[in-house]
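Before reading on, please take a moment to look over the sequence and the model together. The report below goes through a few helices and a few individual residues in turn.

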Amino acid sequence: MRRIRGGLMHQLRAVLVLAWLNGLLPIIRSPLWAISTLATPISLLILLTVLYRGIGMMMGIVGGLVWTMLSSGTALIGDAAYYRLELKFQQMIVATPTNPLAYTIGLALSEVIFTLPGIVLFVVLLVLKTSVSLWGTLGITASLVLLWYAVSSVAFYASTLFTYIRYTWAVVSLLTLALGVLPPVYYPATYLGGAWWIAYLVPTSATAMVVQSAVGITHYSMLQLGMSYVSSIAWCLVGTVLTLRVAKWRTP
C-alpha cells in the first residue's frame, strides 16, 4: 500500500507550481493554444444553431461547456505521458514528497488554464441566454467540477499505459470525440428512448443531464438528477483509486 508522503501544505504547493509551470507559463508565451481549444465546440455550436435555431443554440452552449471541461481532462493524457516518457519529469517528482494525486490535480489544473477562455465564453453565453436559479448554478458548478476531476484522474492512469508518446495524441482526439459527441451531451438523454439510462455510464452525459435540466432544456426528475450525481461521484472514486493504487507512479 502506497503511503501518502509530505504534508498537506507541500501537496498544495506542488499543485500550484505544476499549474503555473504547465498551464500559466505556456499560455502566456503562446496564447494561440487557448484559442485553438475553442475550434470544435464553437463549430458545433454554429452548426446546431443554423440547423435548429433557438433550441439548437442552447444545446450547442450546454454541449460546448461540457466538451470544454472534458477536453481539459483528456488533454492530460498527452502531457502526462510526454513528461514521463520524453522529459523524465515524473521520475523527478517521484523523488520528492509529492504524491500521485497532487501531481495529477496540478496537471489537471494546468489544463483548465488552457481551456479557461472556452469555459468563460460558454458561461457568459449561458448567462445571457438562460435564467438559472442559484441552486441550478450550484448544481452546474458541482457537476462540472466532478466531471473535470473524474476525467483527469482516469486520464492520468491512462497516460501511464503508453510506452510510446506518438500514440497518445490520436487516443486523446478519439477519446474526446467518443465521450463528447456520441453520448447525450449535445442532445437530451430522452432521445435514447428506453436506453436513456446509458447516460449514467458516461461521465459527460451524466453532467450534461444536470446542466440541461438547470437551464430548462429538458426536464429530469429529482431521482434522475440524483443518479447523475451518483454516477459522477462514482467516476471520481474510480479515478482516485486508479491514480493512487493502480497507475504506474514509479518507472523501473
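## Helix α1: length and kink

The expected span of a helix is taken as 1.5 Å times one less than its number of residues. The model discussed here is a predicted one, and in it helix α1 covers residues 8-29. With 22 residues at 1.5 Å a residue, α1 should span 32 Å, and the distance between its end C-alpha atoms, 31 Å, agrees with that expectation. The helix nevertheless has a kink of about 35°, which is centred on Trp 20.

## Helix α1: its covered and open residues

Which residues of α1 are buried? They are Gln 11, Ala 14, Val 15, Leu 18, Ala 19, Asn 22, Gly 23 and Ile 27, and what covers them includes α2 (32-36), α3 (39-85), α4 (89-94) and α5 (100-129). As a general point, an α-helix has 3.6 residues a turn, so residues three or four places apart point the same way.

On the surface, a nonpolar patch is formed by Val 17, Trp 20, Leu 21, Leu 24 and Ile 28, which together have about 470 Å² of accessible area. Val 17, which lies in α1, has a relative accessible area of 47% and is therefore partly exposed. Trp 20 thus appears twice in this account, as a member of the nonpolar patch and as the centre of the kink in α1.

## Helix α3: a bend at Arg 53

Helix α3 does not reach the length that a straight helix would have: with 47 residues at 1.5 Å a residue, a straight helix would reach 69 Å, but the end C-alpha atoms of α3 are only 29 Å apart. A bend of about 150° is found in α3 at Arg 53.

Arg 53, whose place is in helix α3, has a phi near 55°, a positive value in a residue other than glycine. Most residues other than glycine have a negative phi. The relative accessibility of Arg 53 is 62%, so Arg 53 counts as exposed.

## Two loop residues

Lys 88 is found in the loop between α3 and α4, and its phi, near 60°, is likewise a positive value in a residue other than glycine. Is Lys 88 buried, partly exposed or exposed? Because its relative accessibility is 43%, Lys 88 counts as partly exposed.

Further along the chain, Ile 198 is found in the loop between α7 (166-180) and α8 (203-214). Its relative accessibility of 36% means that Ile 198 counts as partly exposed. The C-alpha atom of Ile 198 is separated by 30 Å from that of Ala 81, and these two residues are 117 residues apart along the chain.

## Buried positions in helix α5

Thr 115 has its place in helix α5 and, at 3% relative accessibility, counts as buried. If its neighbours within four places in sequence are left aside, Thr 115 is in contact with Thr 37, Thr 68, Ser 71 and Ser 72.

Gly 118 is also found in helix α5, and at 0% relative accessibility this glycine counts as buried. Not counting residues up to four places away in sequence, Gly 118 touches Leu 38 and Thr 68, so that Thr 68 is a contact of Gly 118 and is listed among the contacts of Thr 115. The C-alpha atoms of Gly 118 and Ala 80, which are 38 residues apart along the chain, are separated by 22 Å.

Conventions:
Residues are numbered from 1 along each chain as its sequence is written. This is a predicted model: local features need pLDDT of at least 70, side-chain atom pairs count only at pLDDT 80 or more; totals for chains, interfaces and linings use all residues. Side-chain values use heavy atoms; hydrogens and water are left out. Patches are made of residues with over 30% relative accessible area and no salt bridge: like charges are joined within 9 Å, nonpolar side chains (Val, Leu, Ile, Met, Phe, Trp, Tyr) within 5 Å. Accessible areas come from the Shrake-Rupley method with a 1.4 Å probe; for residues, only the protein chains shown count as cover. A salt bridge is a side-chain nitrogen of Lys or Arg within 4 Å of a carboxyl oxygen of Asp or Glu. Helices (H or I, at least four residues) and strands (E, at least two) are DSSP runs, numbered from the N terminus. Buried means under 20% relative accessible area, exposed over 50%, partly exposed in between (1.4 Å probe, protein chains only). The bend at a residue is the angle between axes fitted to the seven residues ending there and the seven starting there. Contact means heavy atoms within 4.5 Å.
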